[in-house]
Structure formats: structure tokens, C-alpha cells
Amino acid sequence: MKTIYLGMTADAIHPGIINIINEGAKHGKVLVGLLTDKAIANHKPLPILDYNQRLKVISNIKGVYKVVPQNEWSYLPNLKTYKPDAIIHGDDWKSGSLFEIRKNVIEYMASVDGEVIEIPYTLGVNSSMIIENNRTIGTTPEIRLKSLRRLINAKPLVRILESHNGLTGLIIENLSIEKNDHILEFDGMWSSSLTDSTSKGKPDIETVDTTKRLSSLVDILECTTKPVIYDADTGGKLEHFPYTVRTLERNGVSAVIIEDKTGLKKNSLFGTSVLQKQESIEGFCKKIKAGKAGQVTKDFMIISRIESFILGKTVEDALERAHAYILAGANGIMIHSKHTTGDDIFDFVRQFRLKDKVTPIVVVPSTYNHVTEQEFIELGVNIVIYANHMLRAAYPSMVKVATMILEDQNSVRASEQCMSIKSILELIPGTK
Ligand code: SPV
Ligand code: MG
């Protein structure tokens with residue numbers, strides 16, 4: 001009996017999927033290549049169900065002979081490994097983003113005397129539609145919380161952007177561009193202490209308390225599904241930190257970052273121009289342990305932020321701290337710097353990776369902003385946070401428009417700088 005290869009994500013089962021399995025089964029045994037998170041991550045958002053959940057569903061569908069992982073977006077590696085007699089696909093791949101993939105498959109199958117079976121695409125319902133509908137309904141705290149670890153495992157670099165209100169959350173949720181055959185999106189939100197405090201007209205010195213921070217965060221959570229990394233400053237008092245951890249977990253936040261400073265916290269980008277004191281290694285390890293002991297889910301991450309470079313200390317100091325914090329239970333390291341070259345960050349990550357290949361590393365290139373994402377990937381960084389750009393973009397634009405109204409004493413010129421009234425009315429679904 002012939003083997004018929006069928007690649008799929010299988011996040012949402014619908015009549016179109018059953019139809020293609022049935023069509024495949026008419027020709028032989030259907031071998032499903034189930035796309036892994038890694039195969040999907042650079043091309044579309046991660047499926048709602050993880051690989052094992054999707055595997056369980058698809059393996060139990062009548063007509064499926066066997067399921068194997070497909071680790072690449074391209075079918076070719078699996079076609080070469082499993083040598084099916086034919087591949088089956090819906091004819092929707094004749095145009096659009098799968099055009100090149102189809103061309104390569106046809107060439108390869110012809111070279112091995114294999115067959116390409118194309119069946120009419122089932123109109124009216126498709127996975128993207130169902131998934132898009134799911135997105136508009138939202139997510140659960142549990143699914144959102146887990147999604148950061150899934151992204152770290154699936155993507156060479158997780159791309160996070162600052163969000164301080166619902167609107168910025170929606171930009172991160174929905175903005176998507178196509179470049180070099182890849183869909184590029186932000187993977188999640190950074191709840192920044194700097195931009196959250198600043199947007200409330202308060203200094204970034206832990207004066208906006210957790211309850212208040214949470215209320216802006218809830219606005220973001222309500223209209224998005226992507227993971228959130230929460231900036232908890234110093235984590236507050238050791239005794240308070242486990243409560244913060246549990247509050248964040250309950251809300252579906254994926255990770256908290258706490259920085260190893262003590263006393264009155266000042267924003268790191270002031271560097272040594274203000275009085276800032278680093279916590280002792282022992283003291284900070286105790287706080288990490290208290291947080292880990294308070295954690296209720298297995299997937300929540302406590303990421304330790306090292307302020308050695310901010311305070312003019314050496315790479316040796318930063319490395320000693322990193323390894324100690326991980327021993328204390330930290331699930332990741334954020335290494336911060338305000339130098340503009342990025343040399344200290346490169347030095348740290350290279351030396352750290354000699355000893356530790358797996359612990360996720362987070363960077364915040366606000367000052368060394370020329371470093372590209374590709375360079376971070378090659379260095380061994382896992383998460384890049386663009387930490388303050390939404391607020392920094394908005395403020396100058398608002399001042400400019402307000403100034404024009406003062407100057408002109410009408411808003412003709414100012415309106416030209418603004419989005420149209422029609423656009424703002426249509427921006428949020430449900431406004432009408
Ligand atoms: C923030 O965004 O609040 C941060 C990063 O903590 S930084 O402003 O660089 O300290
Ligand atoms: Mg901060």
C-alpha cells in the first residue's frame with residue numbers, strides 16, 4: 001500500500017481537515033507530518049494547543065495511519081526522511097505564501113518519481129478563521145502563562161515590546177509584517193516600570209505600587225492573548241515578593257523580572273549619576289528563593305536582572321551573580337547595561353554561555369540599539385525587550401500637536417498630524 005504524506009498544524013479540526021485525510025486514505029496510508037512549534041514559530045503565531053496536545057487529537061482521527069513530527073516549515077526534510085509515494089495538499093497553495101514551497105515539493109517529488117495530489121480546498125471554513133475567532137474571544141491565564149516558555153523553546157529569539165495600556169497592547173497583539181517570506185510580529189508585552197509610572201505622571205522609583213501596576217496590566221490582558229513579562233523593579237520586600245508572584249500567576253503573566261538593587265530604586269539608565277545600591281548576592285538569592293517557594297504553577301519564570309554594568313562593576317561580578325542566582329532558582333538572567341557599544345553585554349553573554357548553554361538570557365538594548373536581532377541570536381541571547389518605545393513615540397507626537405493648537409488657535413494643521421476621526425472610530429472593534 002502506498003504512503004501518502006500530509007503536513008499539518010492541526011490546531012483546529014474542521015471538515016476541511018477530515019476531507020483531506022479521507023482523500024489521502026483513498027490513495028494509501030496517510031502519514032501525517034505534524035508541524036512542531038519550532039517549524040511554525042517564524043511563520044505564524046504559535047498554535048493554541050501545544051505539540052503533544054495536537055498529537056493526541058490527530059493520532060485519534062480515523063484514516064490517520066501514523067503521525068511524525070515535521071520540524072521545518074519546508075516539507076523537503078521529511079519527504080527525504082520518510083520517502084512517501086505521494087504528498088497530498090489543498091490547491092490553495094498554488095498562490096500566496098506557499099507558492100515557493102509547492103514549487104520545491106513538485107520538483108523534489110518528480111525527481112523521486114513520486115506523486116503530488118492536489119485536492120480542491122474546502123471553502124467556507126478553515127483553521128485560520130477558527131483560530132482568529134478564538135483570538136477575539138481571548139485566552140485563559142493558564143494558556144497565556146505557558147506561552148512564553150513555548151516561544152523560548154520554539155524561536156531563536158523572542159521579541160518583546162513595551163506596553164503601558166490597552167492600546168499599546170493591541171498594537172503588539174495585531175501588528176504583523178511580511179519580510180523575506182517570513183511573518184514578523186512581536187511575541188509579547190513588557191510591562192515596564194518606567195513607562196507605566198511615566199504614563200501616570202509618576203517617577204520610576206517604585207512609588208506606583210503593585211495594585212496600581214496591576215490595574216493597567218489588566219487593561220492590557222483584557223484585549224490581548226500574547227505573553228507578558230512584568231518588570232517588578234526590586235521585587236519589593238522579601239516577604240512581599242511571593243505575593244506578587246502569585247498575583248502575577250493568577251493573571252496569566254509568564255515571567256517577572258526583578259533587579260538586584262536595594263534601597264530607593266532609581267531607573268537604571270541614570271547609571272552612576274544617581275545614588276543606586278546593588279543588593280548582596282546572598283540577599284538577592286534569598287529573594288529569588290522566596291519567590292520560587294511562593295510560586296504555584298510550574299511554568300512561571302522568575303528572571304534575575306543583574307545591574308553590575310549599570311553600577312560600573314566588572315563582568316566578573318556580573319558572572320558570579322548570574323551563576324549564583326541560577327543556583328538559587330532563577331529561571332533566566334537579564335543582563336542590563338547603559339553603555340552604547342554593547343561590548344559589555346557581548347562579553348558577558350559569551351563568557352556566560354561557556355558555562356551555561358541553556359538558561360535563557362534577556363537583553364534590553366535601549367542604548368546599544370544598533371545591535372541587530374541576528375547578532376543577538378548568534379550570541380546566544382533568547383529574549384530581546386524593546387523597553388520603552390511605545391511611550392517615547394507617543395509623547396513627542398502629542399506635544400507637537402498640542403503646540404500647534406496653541407500656535408494656530410484652531411486645529412487645522414494639528415489635525416493633519418492626527419489619524420482621521422473615521423479611523424479612530426473604527427480602530428477598536430465594537431465601537432460602532
Ligand atoms: C523599564 O522599562 O522600566 C526597565 C528597563 O526597567 S530600564 O528603563 O532600562 O531600566
Ligand atoms: Mg523598570
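Biologist: How do the residues of the lining of the largest cavity divide into nonpolar, polar and charged?

Modeller: That lining has 6 nonpolar, 7 polar and 6 charged residues. Ala, Val, Leu, Ile, Met, Phe, Trp, Tyr, Cys and Pro count as nonpolar, Asp, Glu, Lys and Arg as charged, and the others, Gly among them, as polar. A word of background: this is a predicted model, where local features need pLDDT of at least 70 and side-chain atom pairs count only at pLDDT 80 or more, while totals for chains, interfaces and linings use all residues. Residues are numbered from 1 along each chain as its sequence is written, chains are lettered from A and ligands numbered from 1 in the order in which they are written, and side-chain values use heavy atoms, leaving out hydrogens and water.

Biologist: What makes a space a cavity rather than a pocket?

Modeller: On a 1 Å grid over the protein atoms alone, a cavity is a set of points where a 1.4 Å probe fits but cannot get out; a pocket is an open set with protein on both sides within 12 Å along at least five of seven lines, and lining residues have an atom within 4 Å of a point. The structure holds 3 cavities of 30 Å³ or more. The largest has about 160 Å³ of space, and of its 19 lining residues L194, N267, R305, H336 and A387 are the closest to its centre. A volume is the space filled by probe spheres set on the points, which are joined across faces, edges and corners.

Biologist: Where is ligand 1?

Modeller: Ligand 1 takes up the space of the largest cavity; to sit there, more than half of a molecule's atoms must lie within 2 Å of the grid points.

Biologist: Why are the contacts of D231, N267 and R305 with ligand 1 called polar?

Modeller: A polar contact with a ligand is a pair of N or O atoms within 3.5 Å. Oxygen atoms of ligand 1 are 2.8 Å from an N or O atom in the D231 side chain and 2.9 Å from one in the N267 side chain, and a polar side-chain atom of R305 lies 2.7 Å from a ligand oxygen, so each pair qualifies. Taken alone ligand 1 exposes 280 Å², and the protein buries 100% of that (Shrake-Rupley method, 1.4 Å probe).

Biologist: And what lines the second largest cavity?

Modeller: Its lining includes S163, H164, D196 and R213, around a volume of about 40 Å³. Helix α10 (residues 210-222) gives the largest share, 4 residues; a helix here is a DSSP run of H or I, at least four residues.

Biologist: How many charged residues line the second largest pocket?

Modeller: There are no charged ones, with 12 nonpolar and 6 polar, around about 570 Å³ of space.

Note on methods
Polar contact = N/O pair within 3.5 Å; in protein donor to acceptor, adjacent residues only side chain to side chain. Helix = DSSP H or I, 4+ residues; strand = E, 2+ residues; numbered from the N terminus.
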